[in-house]
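Colleague: Could you take a close look at one part of this structure with me? Please keep the wording easy, as I'm still new to this.

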Amino acid sequence: MKPVYAVAAMLALAGTASAQATVQSVTLQDLERFATDAGHEVVAFGETTENSLRAETPNGVTYYMEGTACDDGACRGIIMSSRFQATDAVTLDKVNRANLERAAVSVWRLEDSVGVSRYVILDGGMSEANIKINLDNFLAIVPGVVEYFFEQ
């Protein structure tokens with residue numbers, strides 16, 4: 001009887017593992033699917049890297065998704081970013097405070113730009129649902145960062 005239980009347990013675990021399949025790399029087509037599945041319009045490809053796209057949400061947030069650590073189009077990371085023209089209101093002190101208050105993203109200033117980014121590492125695997133949640137969370141934070149710098 002014990003061998004029957006062992007086989008049943010192994011089959012149950014195998015079923016659970018396959019139901020929770022993980023993504024260990026993405027292609028540009030995968031990134032496009034994540035954007036369009038979220039109801040966003042993809043407006044350009046390859047503007048920042050060959051494995052990148054620019055998309056826009058229905059409420060007007062423009063963002064980039066880029067595959068990183070790529071080998072033959074299979075990328076083991078995703079960077080999500082949104083960039084804006086910096087004004088005098090974007091001081092380094094405010095950038096530092098924005099980073100402390102929004103740990104889920106990185107806020108940065110580079111020359112005349114201010115940006116918000118989130119990096120997702122796929123090494124070891126991540127579910128597609130979690131990648132979509134990361135995109136949703138990133139896009140939920142961006143408007144608050146814009147407001148912090150530009151509407152005070």
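Modeller: Sure, let's start with one pair: Trp108 has Gly115 in β6 as its bridge partner. Before going on, keep in mind that this is a predicted model, where local features need pLDDT of at least 70, side-chain atom pairs count only at pLDDT 80 or more, and totals for chains, interfaces and linings use all residues. Residues are numbered from 1 along each chain as its sequence is written, and side-chain values use heavy atoms, with hydrogens and water left out.

Now back to our pair. β5 and β6 (residues 113–121) run antiparallel and share five bridges; strands here are DSSP runs of E with at least two residues, numbered from the N terminus, and two of them pair if DSSP finds at least two bridges between them. Leu110 sits opposite Ser113 in β6. The two strands make a hairpin with two residues between them, and Glu111 in that turn has a positive phi of about 50°.

What pairs with β6 over nine bridges? That's β4 (residues 74–85), again in the antiparallel sense. Here Phe84 stands opposite Val114 of β6.

Zooming out, these strands belong to an open sheet of six, ordered β1-β2-β3-β4-β6-β5, with antiparallel pairing. Its edges are β1 (41–45) and β5 (106–110), each pairing on one side only.

Terms used: Helices (H or I, at least four residues) and strands (E, at least two) are DSSP runs, numbered from the N terminus.
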